[in-house]
Amino acid sequence: MQVKLNNTLHIILLLFFVQLGFSQNTASKEILGQIFEQSTSVDGVNIINNNTQVTAISDANGMFSIVVREGDVLVFSSVNLEPFKRRITADDLKLNKLEIKMTAKEIELKEVVVNENANITTENLGIVPHGQKTYTPAERKVYTATSTSIDKVLNKISGRTAMLKKEVNVEKKEMLFKKMEYLFDGNYYTERLKIPADDVKGFQLFCIDDSEFAVSLNTKNKTMSMFLITDLARKYLIILENEK
């Protein structure tokens, strides 16, 4: 009888320690992580634990925290990034910080057809003919200077046409500068893109000279501008490093 009791006790203790070990292996833990796209931290990324449906979102520095267990699957998603999944391992639970690398979505620029009736314009009101070209002040001067054959000859001889065309280019660059200032504040260049403060103006000139980036500004495609400026910053930093 005593032997039978001892055997029963041994079985109970064995089951207890097995259960204890299992509970420890599946214990929940809050982990800290940071999300990057290339070398840039990304904010506003949604994180969901597929197993528990617990959610989180990355902050301005790409940081997040979420409760997980070993084997849980975290799903990372954002409008401008490719979805990413990460299964949590025992090694992940030992890390001080979990680093997540995401990639940007490839954005296809499509032709946009605008309904003419959507806005009231001078053309719709019949004030000017449809399809008539509009000019900026600098472009209007060039048009006036080259509108007749005599004007063309006289202005070409005097060099006035070349000077006016330079004004057009300067005006276009000034407009691009204003658009950049609207989209990106000073801290964005120094903190996010890591451009030295003394080189920010030079970097802005470098950006607006890039035709693809200029198109993204003129079409008000902020998403495309953000991705292009990140790549331009990487190239510019390499140039600065080579100049040392």
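# A Guided Look at Helix H9, an Open Sheet and Three Salt Bridges

Visitor: Which residues does Ile 229 touch, not counting residues up to four places away in sequence?

Guide: The model is a predicted one. Ile 229 is found in helix H9. Beyond residues up to four places away in sequence, Ile 229 touches Met 180, Phe 184, Tyr 188, Tyr 189, Leu 193, Phe 203, Cys 207 and Phe 213.

Visitor: How far apart are the C-alpha atoms of Ile 229 and Tyr 189?

Guide: Tyr 189 is one of the residues that Ile 229 touches. The two residues stand 40 residues apart along the chain, and their C-alpha atoms are separated by 9.6 Å.

Visitor: Is Ile 229 buried or exposed?

Guide: A residue counts as buried when its relative accessible area is under 20%. The relative accessible area of Ile 229 is 0%, so this residue is buried.

Visitor: Which residues of H9 are buried?

Guide: Ile 229 is one of them. The full list of buried residues in H9 is Met 224, Ser 225, Leu 228, Ile 229, Thr 230, Leu 232, Ala 233, Tyr 236 and Leu 240.

Visitor: What span should the residues of helix H9 have, and how far apart are its end C-alpha atoms?

Guide: Helix H9 covers residues 222-243, which makes 22 residues. At 1.5 Å a residue, the helix should span 32 Å. This agrees with the distance between its end C-alpha atoms, which is 31 Å.

Visitor: Which residues are joined into one network by salt bridges that share partners?

Guide: Arg 234 forms a salt bridge with Asp 231, with closest N and O atoms 2.6 Å apart; both residues lie in helix H9, three residues apart, about one turn of the helix. Asp 231 also forms a salt bridge with Lys 235, where the closest N and O atoms are 3.4 Å apart. The shared partners join these residues into one network, made of Asp 231, Arg 234 and Lys 235.

Visitor: What are the relative accessible areas of Asp 231, Arg 234 and Lys 235?

Guide: Asp 231 is partly exposed, and Arg 234 and Lys 235 also count as partly exposed. The value for Asp 231 is 26%, that for Arg 234 is 41%, and that for Lys 235 is 37%.

Visitor: In what order do the four strands of the open sheet stand?

Guide: The pairing in this sheet is antiparallel. The edge strands, each pairing on one side only, are E4 (55-57) and E7 (81-87). Neighbouring strands are turned by 20 degrees against each other on average, direction ignored. The order is E4-E3-E6-E7.

Visitor: Which residue in E7 stands opposite Leu 74?

Guide: Strand E6 spans residues 73-78 and is joined to E7 by five bridges, the two running antiparallel. The residue in E7 that stands opposite Leu 74 is Arg 86.

Visitor: With which residue do the side chains of Arg 86 meet in a salt bridge?

Guide: Arg 86 counts as partly exposed, at 23% relative accessibility. Its partner is buried, with a relative accessible area of 7%. The salt bridge has an N to O distance of 3.0 Å, and the partner is Asp 92.

Visitor: Which residues is Ser 41 in contact with, leaving aside neighbours within four places in sequence?

Guide: Ser 41 lies in strand E2, residues 40-41. Ser 41 is buried, with a relative accessible area of 16%. Its contacts are Gln 34, Ile 35, Phe 36, Ala 60, Asn 61, Gly 62 and Arg 192.

Definitions and conventions
Residues numbered from 1 in each chain as written. Predicted model: local features only at pLDDT ≥ 70, side-chain atom pairs only at ≥ 80, totals over all residues. Heavy atoms only, no water. Expected span 1.5 Å × (residues − 1). Buried < 20%, exposed > 50% of the residue type's maximum accessible area, 1.4 Å probe, protein only. Contact = heavy atoms within 4.5 Å. Pairing = 2+ DSSP bridges. Axes fitted to C-alpha atoms, helices over the stretch in contact; angles between N-to-C directions. Salt bridge = Lys/Arg side-chain N within 4 Å of Asp/Glu carboxyl O.
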